[in-house]
Amino acid sequence: MNFKILVAEDEEITLKHLVYALKAEGYEVEGVTNGLEAFRMLEKDKFDVLITDIKMPEIDGIQLLEIAKKKEPDIEIVIITGFGSIASAVEAMKKGAYDYITKPFDLDELILKISKIKEKKILERQNIALKTFLEINKKTSFIGKSESMKNILNIIEQIKNSDCNVLLTGESGVGKSFIAKLIHYTSKRKDMPFLSINCATLTEELLSSELFGHEKGAFTGAIKQKHGLIEVADGGSLFLDEIAEMSPNLQAKLLRVIEEGEFFRVGGTKPIKVNVRFIAATNQDVKKAIQEKRFREDLYYRLNVMEIYIPSLRERKEDIEPLSKFFLQKHLPKYNKKIKGFTKEAMDILIHYSFPGNVRELENIIERAIILEKTQYITVESLPPTLSLFKIETIQHGNIKTIDELNKEYAEKILEITGGNKTKTAELLGISRTSLWRILKSDNK
């Protein structure tokens, strides 16, 4: 666990001893001689602990405490005070300080306090991880009914002690981000950060800044140093959604991180070492993207140590009913309604619908139904009327339509209902604008 300490002490000899002693314990430590310098450090970097003298020039310890807590509520603060200033230390404790020590202080006592703070922070991280895992584990009983999902859960169980990079493939909305979280929170890295970013939603410059961070002055608007997601995820996992949308230039930089375990911030000259597990996802045909030179083959093989294909919801219809019941229970508390379940007719329509937006679309449909429903059960009337158009009836040879044709027809119908608003259409379908564009563009031949 990366653990950073900032020490603010105006007596230079005391500051030097504190920094030396804490570094000897293996902590990453920065030392400053006044409150203003400490304020500047807090503005440009993130610290776990602030140790500050209560009496300092320009900005005193109490003011610094208030500034630090406002910027970073999770920071723990230890106040240094003289015997004659105990009242001020008590005031600091009321304002959120973790503890205080009095001059002349015992270094062993301070180191013990810092050790306890670190243990507390580790425990907090573990509790967050456990809570997230239990929530995810609760959901697996709802998504794992079909044979295909059981196979995916079995693969995740087999790789839980591995650090291999994983590539998730499948249509938009099938639950790739959920599977990515499940992989992380069942792995050895579960107590460390899990971060994610959608590569399709940002420009190349913004995505580069988000991933790699930047130095102050690296470009217009870079008014302070920024830590990127790769740096913050050190020790944990980074989920790169829609990886195939990443530019070739950024792909090359990402490949360096995977191969060498280091990177440069934008505008930086010093390499930063990291240990990150990458979980990537795409709804595209990656091999086709490689052939078209849109995706690097070497990056593909680095990410594709383990590939997991997540089937569309129409390929695992056994999951529709349990997922519907799960989403019903998930969203009911928000609307203060007492809906017990679904009528047979409503569930029948859901089961026979093709779900071009997959699980995400199903969740949107269930939430909409909760809002509209006035009885104790979700009825056909509270479902979108267009769902009934796609109920599978007696199939005759000659009128069989492909799934792509059904998807395109449905997308066009929703587009017509929204008055040609592609953003609203994509939102209703639970897919991205890019996916909608591909569905509408397909000639289905």
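What follows is a short chat about the sheet and two helices of a predicted model.

Colleague: What should I keep in mind about this model and its numbering?

Modeller: The model is predicted: local features need pLDDT of at least 70, side-chain atom pairs count only at pLDDT 80 or more, and totals for chains, interfaces and linings use all residues. Residues are numbered from 1 along each chain as its sequence is written, and side-chain values use heavy atoms, with hydrogens and water left out.

Colleague: How do you know that β1 and β2 are paired?

Modeller: Two strands pair if DSSP finds at least two bridges between them. Strand β1 (residues 4-8) has five bridges to β2, so the pair qualifies. The two run parallel, and Ile-5 stands opposite Val-29 in β2.

Colleague: What makes β2 and β5 edge strands?

Modeller: The open sheet has the order β2-β1-β3-β4-β5. Strands β2 (28-32) and β5 (99-102) each have a single partner strand, so one side of each lacks a neighbour in the sheet.

Colleague: Why is α6 called a helix?

Modeller: A helix is a DSSP run of H or I with at least four residues, and a strand is a run of E with at least two, numbered from the N terminus. Helix α6 (residues 147-158) has 12 residues, so that minimum is met.

Colleague: Which residues of α6 are buried, and which are exposed?

Modeller: Buried means under 20% relative accessible area, exposed over 50%, and partly exposed in between (1.4 Å probe, protein chains only). Met-149, Ile-152 and Ile-156 are buried, while Glu-147 and Gln-158, on the other side, are exposed.

Methods. Expected span 1.5 Å × (residues − 1).
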